[in-house]
Structures are given as structure tokens and as C-alpha cells.
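Welcome! Here are a few exercises to work through with the sequence and the 3D view side by side. Try each task before you read its solution.

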Amino acid sequence: MTEGDKWKHTALLVIDMQNDFILKEGTRVGGGKAIVPNVIKAVETARKHGVLVVWVVREHDPLGRDVELFRRSFYSAGEAGPVSKGSVGAQLVDGLVIKEGDYKVVKTRFSAFFATHLHSFLQTEGIKSLVIVGVQTPNCIRQTVFDAVALDYPSVTVVVDATAAATPEIHLANIFDMKNIGVATPKLQEWCEDEA
């Protein structure tokens, strides 16, 4: 396989980089804002090499009818909850834009694969390698990674400094667990240099 073929069979999954998870008090992921520049650079690098960019986002019914039981309280009192469809909170943070040729997957649970068509789409596109960035490491990143491994993707990478959790300790503990199941865990600069 040539170098160009390698990137042709790779997808960058950008997970939950939405206003409510990065900026909003109460639902914000502690380390989310700090990784925005690195996520932007990862997307730019992917596009430069022809890597498929897949935007994985949460979008919920404003009344919370499709959220997990433990999140239902966020949608009570007749107000729309976090990442409600069509809300500003559900939009990508400034600096991240879905462009022509990118793909968007909407999920309502932690894993990007759970009850979505993501796996089918990636198979149709001939994707063998996944590179994952975004938030949050112990939940949506981890669940997506473990499902990708269970689905036998030959190569799964988590960019360590383009993913984040509530605290650095939680982030690194989860990175350790993913590394132990064969997931590559480079820093952004290392991944970008590997892309060159």
C-alpha cells in the first residue's frame, strides 16, 4: 500500500466538539477548551492529506425524549437541554466547520457506533484506520474506541493532546486503558509528522 493509499483508507473522527460541551457552564468538559486549537490543526492536517473527516455530534430532542435516563433531569422544567437539535449549544465551536466532502453522524449515546450507521458508512468508504479527537475521554472517546476495536478496525489512534476530559488525571487514566488494548496514542505533533 502506498503512502497515498494509507490516508485514503483513514478517517478522522471529531467527537462532540460542540458549544455545550466546550463552553457552557454545567455541561462543559474541563479540558475541552484547551484542545480546540489542536483539534483544528488535526482537521487541517487530515484535509491536507485527503483523510476523510467525520463529525460525530450529539443532538437531542429538546424535551429529552432520546437521552439516557441519567441525563433526563437536564431537560426538565420545560426547557431545552444540552445539545438540543437546532440550538446554538449543539453547534460546533468556533474554528471548526463541516466542509464539502466531510461527513456528519448524529448520535444519542456515548459511542459513535451505537445505534448509528457509522460502521456501515466507513465500510462503504473502505476505511481501515481511525484517528480520534474530541471530548470526552472517559465517555464518548473511550466508548467509540472500544467499539472500533471490537469491530476489528486494524488501526485505531487517539491523539492524546487533541482529546480531553474533566481533569488531566481522568484523561491520562483512560488513555492508559486504551493503549493497553493496542490503540496508538501519539501527541498531535507526532501524528502530523507521521502524516507528512
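**Exercise 1.** Find out which residues of strand β4 are buried on one side and which on the other.

*Solution.* Step one: on one side of β4, look at Ser129, Val131, Val133 and Val135, which are all buried (under 20% relative accessible area with a 1.4 Å probe, protein chains only; exposed would be over 50% and partly exposed in between). Step two: turn to the other side, where Leu130, Ile132 and Gly134 are buried too, and both faces are covered. In a regular strand, side chains alternate between the two faces of the sheet. Step three: 7 of the 7 residues of β4 (residues 129–135) are buried, so the strand is largely enclosed by the rest of the structure.

A word on the model: it is predicted, so local features need pLDDT of at least 70 and side-chain atom pairs count only at pLDDT 80 or more, while totals for chains, interfaces and linings use all residues. Residues are numbered from 1 along each chain as its sequence is written, and side-chain values use heavy atoms, leaving out hydrogens and water.

**Exercise 2.** Place β4 in its sheet: what is the order of the strands?

*Solution.* Strands here are DSSP runs (E, at least two residues; helices are H or I, at least four), numbered from the N terminus. Two strands pair if DSSP finds at least two bridges between them. Step one: β1 (residues 10–15) pairs with β4 in the parallel sense over 6 bridges, and Leu13 has Ile132 as its bridge partner in β4. Step two: β4 also pairs with β5 (residues 155–164), again parallel over 6 bridges, with Gly134 opposite Thr163 in β5. Step three: the open sheet of 5 strands has the order β3-β2-β1-β4-β5, with parallel pairing. Its edge strands are β3 and β5, each pairing on one side only.

**Exercise 3.** Describe how helix α5 packs with helix α6.

*Solution.* Step one: α5 (residues 137–150) and α6 (residues 168–179) pack at about 10 degrees, their axes 10 Å apart; axes are lines fitted to C-alpha atoms, for helices over the stretch in contact, and angles run from 0 to 180 degrees between N-to-C directions. That makes α5 roughly parallel to α6 (under 35 degrees; over 145 is roughly antiparallel, 65 to 115 roughly perpendicular and the rest oblique). Step two: the residues in contact (heavy atoms within 4.5 Å) include Ile141 and Phe146 in α5 and Ile170 and Met178 in α6.
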